[in-house]
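Colleague: I should like to learn how to read a model of this kind. May we work through it one feature at a time?

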Amino acid sequence: MPDRDFLSRFVLFSFIITLLLSCGGDSPFDPRDEGGQNGPISLQQKTLQFKGVRSIVRKPSQVQFFFSLRDIDGNALRIPPETLAQNTRIYENNTEIDYSETNFFISTAENFRMDVVLVLDFTRSMAAPTSTGETGITQMLEGARTIIRKLGAAHRVALVEFHDRNVAPQIISYFTSDTDALLAILDDFAKRTIDNGSTRVWDAVITGLNLFPTEDNPDNVRLLVFLSDGFDTSSEKQPADIKSLAREKLAQIHCVGTGDAPRTEVLQDIAAATDGLYYAADDLGGITAQLEQIAINLSGQYKLSYISLTRNTMPSVRVEIEHEGEINAFQQELDLRAVIADDRIGELTYDDDVREGERANVFLRLLHTPRNINRFRFRFLATSKLDTVTLIAREEGGILDSTWQLFGPNPELWYTLKSDSSVLPFGGFGLLVNARFRNIGDSSLAVPFEMDNSIYSNEKRFSYPQTLYIGLPIIDPVPPQDSSNVPVDITLRWRVDNFRNLQNIRFDVRLDKNRPSERIVASDITSNRFKPATALEPNTVYYWQIIARSGRNFYSGPIWRFKTAP
């Protein structure tokens with residue numbers, strides 16, 4: 001394959017993912033929500049098109065619509081959220097809502113939970129030098145580093161690689177928002193000596209899709225990106241399997257077709273079937289035009305949210321957007337019966353992200369804000385492992401503007417977060433702070449947490465988790481750590497201290513003679529024991545690790561070691 005194709009595909013790859021992380025792409029699937037059965041969506045499209053419209057209702061009477069915008073020819077439109085809001089009107093049962101009584105918000109991807117899987121190609125063709133003297137792999141890695149550095153505060157990336165038909169595609173990093181950890185993992189893998197062989201791209205995509213949970217999270221956007229010429233010499237899985245699994249996982253697939261004569265129909269079909277996007281990278285001459293079009297196509301994902309004040313539990317909601325002098329609209333009958341609640345009660349939750357017993361990020365996230373909130377008071381108790389607490393900037397998904405300041409902790413461990421000149425908008429949502437913990441130990445920590453609701457008046461308060469569960473203890477390995485004379489037909493066992501009462505825990509088992517190991521010998525099993533299919537080698541040191549999964553979260557246990565009997 002000519003050198004120009006290597007260069008074009010990786011320049012394009014880097015740019016695509018950077019844009020994906022900043023803009024989000026489309027969201028085609030209808031998620032499950034807290035309400036009942038919402039009705040079908042009707043569209044009125046004149047000067048623009050709505051793509052992938054889906055609705056969510058949640059307490060307290062919060063209505064959210066996700067959608068993408070296209071012009072009449074199907075090209076994506078990028079309209080700044082402030083401009084879009086100025087041209088938007090919302091009606092309930094044919095009556096426009098009172099904007100002085102309730103706010104509505106239009107936001108883009110930085111406010112979403114977003115998970116991105118990057119499928120990296122280390123095959124022989126990629127290891128060849130390009131016209132610049134660098135290999136395709138070198139350029140791909142630089143693009144991946146750019147992606148990682150562009151992460152929002154709570155955006156997560158997972159890395160999957162494939163390099164030879166004789167080796168199954170490997171997960172080199174499960175989902176994490178830890179930028180430093182991702183960069184270190186990528187650099188470490190790039191230094192290894194591997195045999196660059198033939199392609200198993202379909203199997204690698206399946207491996208990446210399996211990192212997404214089957215359970216849906218309405219706020220979670222799931223994207224997978226891979227490069228291919230459409231040919232696959234060695235995979236067990238086929239494109240039909242990819243499309244089916246992507247629908248099950250509610251994931252979008254974006255792919256870049258490379259080479260002089262790529263099988264575009266295969267790649268286009270995968271992208272279209274998952275409401276992803278397909279891009280052709282034929283040669284260097286077409287790069288500029290393609291990048292300009294990609295910048296447009298990946299910039300049109302929006303979320304509109306507001307608190308409904310209607311007493312009607314089954315309102316017909318119509319959203320109108322004026323564009324080029326014409327009214328374009330979508331309309332849906334919503335079921336609010338299960339989500340009507342006291343809107344004076346705010347809701348705060350958290351996301352945790354642990355890096356194998358070393359450090360953890362805990363993101364405090366507002367799901368609903370009552371009226372006239374300009375202060376928070378909270379504290380983390382009974383832990384000496386709290387390192388720092390920092391504000392999250394708006395461009396990274398934070399809800400607070402530049403007038404907000406963080407003070408503390410005081411001697412009683414209280415932090416105060418306040419603004420003297422602004423209040424949060426009624427119904428607002430987004431990230432507040434990032435609490436960093438260090439030296440987590442057995443990859444777990446239970447931190448008592450408290451919010452001071454006494455600072456609020458008029459019966460306002462926040463519901464919040466009274467304990468922040470960080471990580472998950474995976475303990476009591478059999479064989480024990482540093483055992484020797486272990487039988488070659490050993491059955492591995494472990495135990496989970498499920499102090500956070502997680503449901504549907506499943507496990508991946510890593511086992512190899514190398515440390516660190518990405519070799520997964522069992523995946524998605526429900527039992528806490530595993531016997532290798534073939535006997536281990538005698539008189540050999542093995543390393544093993546358990547990765548626990550629950551929902552969208554992954555919890556890595558310690559890396560254990562044992563030596564088999566002679």
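Colleague: In which loop is Pro-479 found?

Modeller: This is a predicted model. Pro-479 lies in the loop between β26 (474-478) and β27 (483-486). The peptide bond that leads from Val-478 to Pro-479 is cis, with omega near 5 degrees.

Colleague: How should I read such a bond, and which residue in the loop between β26 and β27 has a positive phi?

Modeller: As a general idea, most peptide bonds are trans, and most residues other than glycine have a negative phi. In the loop between β26 and β27, the residue is Asp-482, whose phi is positive at about 65 degrees although it is not a glycine. With 46% relative accessibility, Asp-482 counts as partly exposed.

Colleague: Where is Pro-60 found, and what is the omega of the peptide bond from Lys-59 to Pro-60?

Modeller: Pro-60 is placed in the loop between β2 (48-58) and β3 (62-71). The bond from Lys-59 to Pro-60 is cis, and its omega is near -5 degrees. The loop between β2 and β3 also holds Ser-61, which is not a glycine yet has a positive phi of about 55 degrees.

Colleague: Is Ser-61 buried or exposed?

Modeller: Ser-61 counts as buried because its relative accessibility is 7%, and the cut-off for buried is under 20%.

Colleague: Which strands are joined by bridges to β23?

Modeller: Strand β23 (residues 444-451) runs antiparallel to β18 (residues 375-380), and 3 bridges join them. Phe-449 of β23 is the bridge partner of Phe-380. Strand β25 (residues 467-471) is also antiparallel to β23, with 5 bridges between them. There, Thr-467 in β25 stands opposite Pro-448.

Colleague: Which residues of helix α6 are buried, and what follows α6?

Modeller: In α6 (residues 239-249), the buried residues include Pro-239, Ile-242, Leu-245 and Lys-249. Leu-250 follows α6 and has a positive phi, near 60 degrees. In the chain as a whole, there are 8 helices and 34 strands, and 57% of the 566 residues are buried.

Colleague: Where is the pLDDT below 50?

Modeller: The general idea is that predicted coordinates should not be read in detail where pLDDT is low. The chain averages a pLDDT of 83, and 85% of the residues score at least 70. Over residues 1-35, however, the pLDDT is below 50, although this stretch has 146 contacts beyond near neighbours in sequence. Residues 283-296 also stay under 50, and the model has 18 contacts for them beyond four places in sequence.

Notes:
Residues are numbered from 1 along each chain as its sequence is written. This is a predicted model: local features need pLDDT of at least 70, side-chain atom pairs count only at pLDDT 80 or more; totals for chains, interfaces and linings use all residues. Side-chain values use heavy atoms; hydrogens and water are left out. pLDDT is the predictor's confidence in each residue, from 0 to 100. Contact means heavy atoms within 4.5 Å. Buried means under 20% relative accessible area, exposed over 50%, partly exposed in between (1.4 Å probe, protein chains only). Helices (H or I, at least four residues) and strands (E, at least two) are DSSP runs, numbered from the N terminus. Two strands pair if DSSP finds at least two bridges between them.
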